[in-house]
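Let's go through this one the skeptical way, label by label. For each term, we ask what earns it.

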Amino acid sequence: MIDILMAVYQGEAYVAEQIESILQQTYTDWTLLIGDDGSKDRTMEILSAYEAKYPSKIRVIPNKVNSGSAQANFFHLLSLSKAAYAMTCDHDDVWLPDKVEKTMGEMERLERESPPGTPILVHTDLEVVDENLRTIAPSMFQLQNLDSRRVSLSRLLAQNVVTGCTMLANRPLLDLAKDPPASAIMHDWWLALVAAAFGRIGFVDDPTIRYRQHGNNEVGAKNVRDPKYVAARLSKTEQIHKVLTDTYRQAAGFYGRYQDKLTEEQAKLVLGYAKMPEYGKLRRMAHLLRNGHGKNGLVRKAGQLLFA
């Protein structure tokens, strides 16, 4: 019924705790596919022991060559999934026992309300915790000043609010989103864009995982209201330019992949955003505001307008 796709690299410290939390799920119709990306620590020893103990539930897929990124590892796992649904999973978090049940409940509700074959994505809030699972913030959406309602195609072109480790996608979405271009920034962002353009996105306004923060997080949760964070963020002008440029490149890739499926209005929107680097400064700012590409939060919006 559900493939849970876990990307792992150097995960010996946390992966066993994460697997145990999946084994304790109240919803049990799932298979765990684990893609190890060439770990050099004891990760494979731990994974092999779990696979031997739960051969009908856990399958380990070692990458022969390191893929170079969590993004590539997740896209590879997504290409292997054949189940009716798929969830993506980090190796260092802890899932709450009803995570799958709650998320699947929202998926089933949306599928009942939608025409057959509608691509659907469901995501949830997260509890942010430290490396010892002590609560930093009960809601990542509140901590990061994010709005779960901002999932229109115009908004998602500029800013992603879907966190991959909370995400559930149905088969129509998985099939439509396969073969992403090299410009796809991350698996969750890509799937969110496809769902926004051609289907639906649902949100469970409850934390379903403990989102662990530690020194090796590839992506983490930051307090965007912290003045020190704001100052540090706005000082990194090259990084801001790169982030914005990556979104333009992703939009161009999205247009290239789906131009024959987009409505005329959607095509104009996506192509207009992709061509932002060709515009002058004032035109870029006007285009962002006119087409609803503004990011959520004063700091993000300021950075976007200043450096667009």
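What follows is a short back-and-forth about a predicted model.

Q: Why are helix 1 and helix 2 called roughly parallel?
A: Look at the crossing angle: the axes of helix 1 (residues 15–23) and helix 2 (residues 43–53) cross at roughly 25°. The label applies to angles under 35 degrees, so helix 1 and helix 2 are roughly parallel to each other. Their axes come within 10 Å, and helix 1 passes helix 2 in a right-handed crossing.

Q: Which residues of helix 1 and helix 2 meet?
A: From helix 1 you get Val 15, Ala 16, Ile 19, Glu 20 and Leu 23, and from helix 2 Ile 46, Leu 47 and Tyr 50. By class, that contact of helix 1 with helix 2 has 7 nonpolar, no polar and 1 charged residues.

Q: What makes helix 3 and helix 8 oblique to each other?
A: Helix 3 (residues 70–80) and helix 8 (residues 187–198) pack at about 55°, with axes 9 Å apart. Roughly parallel needs an angle under 35 degrees, and roughly perpendicular starts at 65. The angle fits neither, and helix 3 and helix 8 are therefore oblique. On the helix 3 side the contact uses Phe 74, Phe 75 and Leu 78, while helix 8 brings His 187, Trp 190 and Leu 191. Sorted by class, the contact of helix 3 with helix 8 has 5 nonpolar, 1 polar and no charged residues.

Q: How do you know whether Met 87 is buried or exposed?
A: Buried means under 20% relative accessible area. Met 87 has 0% relative accessibility, so Met 87 counts as buried. Met 87 sits in strand 4 (residues 85–90), and among the residues Met 87 touches are Ile 2, Ile 4, Trp 95, Val 100, Met 167 and Leu 168. The C-alpha atoms of Met 87 and Ile 4 are 4.8 Å apart, although 83 residues separate them along the chain.

Q: Which residues have the most contacts inside the largest nonpolar core?
A: Ile 2, Met 6, Ile 19, Leu 32 and Phe 254 do, in a core of 87 residues. Helix 8 gives the largest share of this core, 8 residues. As for Ile 19, leaving out residues up to four places away in sequence, Ile 19 touches Met 6, Leu 32, Ile 34, Leu 47, Tyr 50 and Ile 58.

Q: What share of the chain is buried?
A: Buried residues make up 53% of the 308 residues. The chain has 13 helices and 9 strands.

How values were computed: Residues are numbered from 1 along each chain as its sequence is written. This is a predicted model: local features need pLDDT of at least 70, side-chain atom pairs count only at pLDDT 80 or more; totals for chains, interfaces and linings use all residues. Side-chain values use heavy atoms; hydrogens and water are left out. Axes are lines fitted to C-alpha atoms, for helices over the stretch in contact, and angles run from 0 to 180 degrees between N-to-C directions. Helices (H or I, at least four residues) and strands (E, at least two) are DSSP runs, numbered from the N terminus. Angles under 35 degrees count as roughly parallel, over 145 as roughly antiparallel, 65 to 115 as roughly perpendicular and the rest as oblique. A crossing is left-handed if the near helix is turned anticlockwise from the far one by less than a right angle, and right-handed if clockwise. Contact means heavy atoms within 4.5 Å. Ala, Val, Leu, Ile, Met, Phe, Trp, Tyr, Cys and Pro count as nonpolar, Asp, Glu, Lys and Arg as charged, and the others, Gly among them, as polar. A nonpolar core is a set of buried Ala, Val, Leu, Ile, Met, Phe, Trp, Tyr and Cys residues joined through side-chain atoms within 4.5 Å. Buried means under 20% relative accessible area, exposed over 50%, partly exposed in between (1.4 Å probe, protein chains only).
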